[in-house]
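Me: I should like to go through a model and ask, for each label attached to it, what justifies that label. Please set each value against its definition.

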Amino acid sequence: MKKTLYYLCLVASLVSLASCSDNDELADGMQTNFTSFKIKGYEDAVTTIDVATRTVTVRLPDEVTSGKDLVPVFTVSEGTQASINRVIQQSGTNAMDFSNEVLYTVANADYTAKTRWHVIVTNNDYTAKYGMGNFLTYWWSNNGTNPDGYYIQQQHTGEYSSVNCGPTCAVMALKWRDPNCSVTVEDARNTAVFSEIDGSTWWYPRDIYNCLKRNGVNNVYYWNFTGYSYDGYVRSICNLLEQGNLCISCLNNGNISEQAALNKEYHTNRYYKGGSGHYLLIKGYRVVNGVTWLEVHDPWGNDLKYSDGSYYGANRYYKGSEVATSIDWNIWTVVVPYE
């Protein structure tokens, strides 16, 4: 019994020593980091290497509008190598597509010491962290003059909060035109508790149009998308935005992809369960990696906020092709000019 106990203690001691030795080796000498990272031809671009989050960010000039065929030039910690899916990467030789985040592994030869690195090469400061992709080619926003913005969520807007997406979009448009506008969503609802179309509490485009008219927006009008393709809808909405208008469209919000990423700071896709008729106020657009994202104020805010205190529903980005399904739900879009 004593001999057995002796051997058990000896094995435990050896395991403990081995563990301490491995940890000491990693702590004393083995680093698995990128130590530099550039893109060939853009050596003056600013690179940030964040060891704490294992993230490399390379900010290329605005005029670089594609992430394709870019050649990374990098160095790593002594005794390590960089790989992608266990394929060793050679600095300065392999052209790659950096349109989206690229995952590298920096490891020693037998991968017993390794770390995963996120490499982001971009031509702007926000589309990657918003989840849209890395290369912005065009953008437009109708932000108005109110320094605090004009976003309103429909929650807490009275008895009809659950169906107040239409009145909320109408009041946001009023506050876009006039930051001093004192009309509330409850005020708007109380002027037309029931729709003139069918007497329900659901507002139709005509009810939004009439609300804006009642509040002095004499140049509001409809855009009829009968016969349009989804691409035609997106092109027309972008043109209307560039003419200085806001657009209020109704769709089945279940057609907007739900955000599945773990990153709660992403500003893309639907952040709630969907599947019913819903109005969006469309205020701008972004073309990123060839995809058109419409910038919207989504009134279904649910009191959800980002770490900076802004609402999830404000300045949200939904794919134009998905918002375009509104033409299957309602062919009329309410167009609100600034003046």
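Reply: The exchange below takes up confidence, salt bridges, burial, strand pairing and nonpolar cores in turn. This is a predicted model, in which local features need pLDDT of at least 70, side-chain atom pairs count only at pLDDT 80 or more, and totals for chains, interfaces and linings use all residues. Residues are numbered from 1 along each chain as its sequence is written, and side-chain values use heavy atoms, with hydrogens and water left out.

Me: What is the average pLDDT of the chain, and where does pLDDT stay under 50?

Reply: pLDDT is the predictor's confidence in each residue, on a scale from 0 to 100. The chain averages 91, and 91% of the residues score at least 70. Over residues 1-28 pLDDT stays under 50, and for this stretch the model has four contacts beyond four places in sequence; a contact means heavy atoms within 4.5 Å.

Me: Why is the pairing of R59 and D62 called a salt bridge?

Reply: A salt bridge requires a side-chain nitrogen of Lys or Arg within 4 Å of a carboxyl oxygen of Asp or Glu. For R59 and D62 the N to O distance is 2.9 Å, so the pair meets the criterion. In general, side chains of opposite charge can pair when their charged atoms come close. The structure holds seven salt bridges.

Me: Which salt bridges does E258 form?

Reply: One is with R270, at 3.8 Å from N to O. Both R270 and E258 lie in the loop between strand 11 (245-252) and strand 12 (277-288), twelve residues apart. The other partner is K273, with the closest N and O atoms 3.2 Å apart. K273 also lies in the loop between strand 11 and strand 12, so its pairing with E258 ties together parts that are 15 residues apart in sequence. Helices (H or I, at least four residues) and strands (E, at least two) are DSSP runs, numbered from the N terminus.

Me: How do you know whether R270, E258 and K273 are buried, partly exposed or exposed?

Reply: Buried means under 20% relative accessible area, exposed means over 50%, and partly exposed lies in between (1.4 Å probe, protein chains only). R270 has 7% and is therefore buried. E258 has 36% and so counts as partly exposed, whereas K273, at 69%, counts as exposed.

Me: What makes T80 buried, and what does its side chain reach?

Reply: The relative accessible area of T80 is 13%, so T80 is buried. T80 lies in the loop between strand 4 (72-76) and strand 5 (81-84). Its side chain reaches the backbone oxygen of S77 at 2.6 Å. Leaving aside neighbours within four places in sequence, T80 is in contact with residues including M30, Q31 and V106.

Me: Why are strand 5 and strand 7 said to pair?

Reply: Two strands pair if DSSP finds at least two bridges between them. Three bridges join strand 5 to strand 7 (residues 102-107), and the two run antiparallel; the pair therefore satisfies the definition. S83 has T105 as its bridge partner in strand 7. Strand 5 also pairs with strand 6 (residues 87-88) in the antiparallel sense, over two bridges, with I84 opposite V87. In that hairpin, which has two residues between the strands, N85 takes a positive phi near 55 degrees.

Me: What makes a set of residues a nonpolar core, and how many residues has the largest?

Reply: A nonpolar core is a set of buried Ala, Val, Leu, Ile, Met, Phe, Trp, Tyr and Cys residues joined through side-chain atoms within 4.5 Å. The largest has 56 residues, and those with the most contacts inside it are L212, Y233, I282, L294 and V336. Helix 3 (165-177) is one of the elements that each supply at least two residues. Its eight residues are the largest share of this core. A second, separate core of 21 residues includes F34, I39, L70 and F135.

Me: Why is P205 called buried, and what does P205 touch?

Reply: P205 has 6% relative accessibility and so counts as buried. P205 lies in helix 5. Not counting residues up to four places away in sequence, P205 touches Y222, Y279, N330, W332 and V334. From P205 to I248 the C-alpha to C-alpha distance is 8.3 Å, although they are 43 residues apart in sequence.

Terms used: A polar contact is a pair of N or O atoms within 3.5 Å; within protein, one must be able to donate a hydrogen and the other to accept it, and residues adjacent in sequence count only if both atoms are side-chain atoms.
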